[in-house]
Amino acid sequence: MKISRPRQIALISIVVSTLCVVTAAVWLVMDERGRDIMSLPIDKEVYPVTGIDVSAHNGTINFEKVAADNVDFVIIKATEGATFKDKAFIDNYRRARKAGLKVGAYHFFRFDTPGHMQALNMLHSVRGLSLDLPLTIDVEEWTNPGNEPVEAVLDRLWEMTDYLERHGYPLMIYTNKKGLDRFFEGHPRNIPLWLCTFSEPDSRYPWTLWQHTHRGRVDGVDGLVDMNTFNGSREEWENWVEKLMAAQ
């Protein structure tokens, strides 16, 4: 069957567009030397403490194997917004605790939802649980509405943090460099920072945890998993966790 000239041009255009998309996708994760730019290898001599963060999207996790693979801590998604509760949170918490891992919980912050409602959602999920790490609030633009004014987002965020602090919970903020620039201009109040970046963290921004890849591999987790480290020695890590537990 002969293809008309206009249709030939249209088909060529589709093929070229597809190739451009594929090429762009490759360059999103590889640099000019073929290195994965979604990951940054870290020096275990400098950062000896290793952690992962997980949610229901990671499927069923064998935390005994995770702990045996030299992982020290896990931060588990608990909630999102005013009503969403991660279906795997309680099961992940119980099995991670049984495996002897240090355990924390995080909440994905919604820009357009009142802070006290988000705080209540998280409190209902973590109340009565023994957590080793601060409650973490994940503040990032991904999947959030982009037209919310910064002042409004921060008002809701500080409303949430104030509510949780009044109930005696230590807190931590998770964000990336874009989030730092847009919302915090360096460091969020006196709340510890968990920073996501695939390059060396900026020394101007004091950080406690560093998420250095979304593409880690750990025994006990099927597929890729987020990898994290602590900003300090193992002794400093143990002292930090001990102080957190004593304050609760």
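**Exercise 1. Place Thr 213 in the fold, then decide whether it is buried or exposed.**

Step 1. Thr 213 sits in strand 8, residues 209-216. Strands (E, at least two residues) and helices (H or I, at least four) are DSSP runs, numbered from the N terminus.

Step 2. Its relative accessible area is 5%, so Thr 213 is buried. Buried means under 20% relative accessible area, exposed over 50%, partly exposed in between (1.4 Å probe, protein chains only).

Step 3. A polar atom of the Thr 213 side chain lies 2.8 Å from the backbone nitrogen of Arg 215.

The model is predicted: local features need pLDDT of at least 70, side-chain atom pairs count only at pLDDT 80 or more, and totals for chains, interfaces and linings use all residues. Residues are numbered from 1 along each chain as its sequence is written, and side-chain values use heavy atoms, leaving out hydrogens and water.

**Exercise 2. Find which residues of helix 3 are buried, and where they lie around the axis.**

Step 1. In helix 3 (residues 89-98), Phe 89, Asn 92, Tyr 93 and Ala 96 are buried.

Step 2. They share one side of helix 3, because their arc around the axis is only 100 degrees. The arc is taken over directions from the helix axis to the C-beta atoms.

Step 3. Turn to the other side: Arg 94 and Lys 98 are exposed there.

Step 4. Among the packing partners of the buried residues are strand 1 (50-54) and helix 4 (115-126). Contact means heavy atoms within 4.5 Å.

Step 5. Just after helix 3, Gly 100 has a positive phi of about 90 degrees.

Notes:
Polar contact = N/O pair within 3.5 Å; in protein donor to acceptor, adjacent residues only side chain to side chain.
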